[in-house]
Amino acid sequence: MNRLVINADQDGPAISRHVYGHFAEHLGRCIYEGLWVGEDSPIPNTHGIRNDVVAALRKLKMPNLRWPGGCFADTYHWKDGIGPRKQRPAMVNVHWGGVTENNHFGTHEYMELCALLGCEPYICGNVGSGTVQEMAEWLEYLTMPGDSPMAALRRRNGREAPWALTYWGVGNENWGCGGHMTALQYAQEYRRFQTYCRHFGGQRLYKVACGFDSQWNEVLMREATRFMDGLSVHYYTGGIPGRNSATCFEEADWFRTLRKALDIERLIKQTKGIMDAYDPDGRIGLVVDEWGTWFDAEPGTNPAFLYQQNTLRDALVAGVTLHLFAAYCERVHMACIAQTVNVLQAMVLTEGPRMLCTPTYHVFEMFKVHQDAVRLPLALDAGRLAQDGEQIPRLSASASRDASGRIHISLCHLHPAEPLTVRCEVRGRKVASIKGRVLTAPQIQAHNTFDRPNLVRPAPYRQARLVRQGVELEVPARAVLVLELE
Ligand code: AHR
């Protein structure tokens, strides 16, 4: 019998809500069209920000939103994005299709978006092509409550009070698009830039240094541990060249993609090992501030815009990845899936005035019950799936207890075709009732389209039976399940 044992009487650490974070870059149709349509748009908006997308995203309880990039961040000069929009200079978005960026969405618009979403800002500053002064002034503009040149400029632009701000990234992928630096070069730049990254209201900034592979992270930790609060790494799950369609794939690709997604554990373990050596008390957070699937752009769309569809497979990738973040939540303090709208593994896709929520969106909505909840230790024995000499677990699980004492269990069943019976034993707690929701579909390639936007969406789950010491579950194939026990 397949078994899941939840130790409800043993508290683990809290799973920070910030691991359920998001990322929006000036890339393709993420910001423009996806989030920002402008005040004159016929699409209903609040000061230029799309109402339908905000309403959908609010249901996710988004904890943070990383912006403005990505590679774009190290080309971005924030002063181009403030003041009257018509007077803002344009620039070329060199990384993403060479399109003209009119800078209509800048600091004020982003901060208003965060306020509408109810999430915290997480800004990534420009190290690659920016200056220390430019970064320091941006922080002064954002956070200075008193009199200063940048606070005066902010006030002239219509904002009296500083904004609340905690999370600050010092560069993005500076080993690549952010300057092609060596590890030591970046470590030295990081030390210099971060010195001038101040919260002018006197609060503490959470400063995130840009990490990469083991060799880079070792150098960076050796040189700069005491100057950082977070170390960022990125992890994308793609298919193999020539077999990388978001929607046209077979069971073998399903398996390969999920295996690749689960392999993020190797990156987490490796990075954690280095961090543990330099930061044994676990003060510094591992910040996975870009992750998700990266498939071929939808046929007929600009390949530089990274617009991809999102199937049940993406939902499973999201579920197993979030489970791993929870499993390592002592070290993984924050994560941001790439990207919120119309780019890579998006929550929401738009087409003119139309909008749909992806299967990945539903996983984030279902998993929000784990935010800031106490992780419960568990043991799982449900077998493995094998293909071409590789194996993956058949089932992935996570359990937590929220502030009101409710226990939530999430399960990802990776078998593409066959259901599974699981006996779930809950130790240290009598289970009086159980309810849940399940996300699945008849095909592994199932996805939502603008004509059928609700093909893949959660449904009530009614295949649980209370038994002695717990519950017995019939878990459908290719499914994400979230249960609530009382
Ligand atoms: O998310 C798309 C890109 O992937 C980001 O701009 C970059 O940081 C990463 O390589």
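This briefing covers the ligand site, the helix packing and the unusual backbone geometry of one structure. The model is predicted. Its ligand is surrounded by 14 residues, and the protein buries 93% of the 280 Å² that the ligand exposes when taken alone. Three helix pairs are described: H3 with H4, H6 with H8, and H8 with H9. Two cis peptide bonds follow, one from Trp67 to Pro68 and one between Gly69 and Gly70. Asn103 closes the list with a positive phi.

**Ligand site**

- The shell around the ligand holds 14 residues, and the closest are Glu25, Cys71, Glu173, Tyr236 and Glu290.
- By class, the shell residues are seven nonpolar, four polar and three charged.
- Glu173 is among the closest residues. An N or O atom in the Glu173 side chain sits 2.8 Å from an oxygen atom of the ligand.
- Asn172 also contributes its side chain: an N or O atom there is 3.0 Å from a ligand oxygen atom.
- Gln339 places a polar side-chain atom 3.0 Å from an oxygen atom of the ligand.
- Of the 280 Å² exposed by the ligand alone, 93% is buried by the protein.

**Helix packing: H3 and H4**

- Helix H3 spans residues 132-143 and helix H4 spans residues 149-156.
- Their axes lie 8 Å apart, at an angle of about 55°.
- H3 and H4 are therefore oblique to each other.
- The H3 and H4 crossing is right-handed.

**Helix packing: H6, H8 and H9**

- Helix H6 (residues 214-224) and helix H8 (residues 264-278) cross at roughly 20°, and their axes come within 10 Å.
- This angle is under 35 degrees, so H6 and H8 are roughly parallel to each other.
- H6 and H8 make a right-handed crossing.
- H8 also packs against helix H9 (residues 312-327), at an angle of about 20° and with the axes 10 Å apart.
- H8 is therefore roughly parallel to H9.
- The crossing of H8 and H9 is right-handed.

**Backbone geometry**

- Most peptide bonds are trans, and most residues other than glycine have a negative phi.
- The bond from Trp67 to Pro68 is cis, with omega near 5°.
- Pro68 belongs to the loop between strand S5 (64-67) and strand S6 (91-93).
- Gly69 and Gly70 are joined by a cis peptide bond, with omega about 10°.
- Gly70 is likewise placed in the loop between S5 and S6.
- Asn103 is not a glycine, yet its phi is positive, at about 65°.
- The loop that holds Asn103 runs between strand S7 (99-101) and helix H2 (107-117).

Technical notes: Residues numbered from 1 in each chain as written. Predicted model: local features only at pLDDT ≥ 70, side-chain atom pairs only at ≥ 80, totals over all residues. Heavy atoms only, no water. Near = heavy atom within 4 Å. Polar contact = N/O pair within 3.5 Å; in protein donor to acceptor, adjacent residues only side chain to side chain. Areas by Shrake-Rupley, 256 points an atom, 1.4 Å probe, with all protein chains shown as cover. Nonpolar A, V, L, I, M, F, W, Y, C, P; charged D, E, K, R; others polar. Axes fitted to C-alpha atoms, helices over the stretch in contact; angles between N-to-C directions. Helix = DSSP H or I, 4+ residues; strand = E, 2+ residues; numbered from the N terminus. Parallel < 35°, antiparallel > 145°, perpendicular 65-115°, else oblique. Left-handed = near helix turned anticlockwise from the far one by under 90°.
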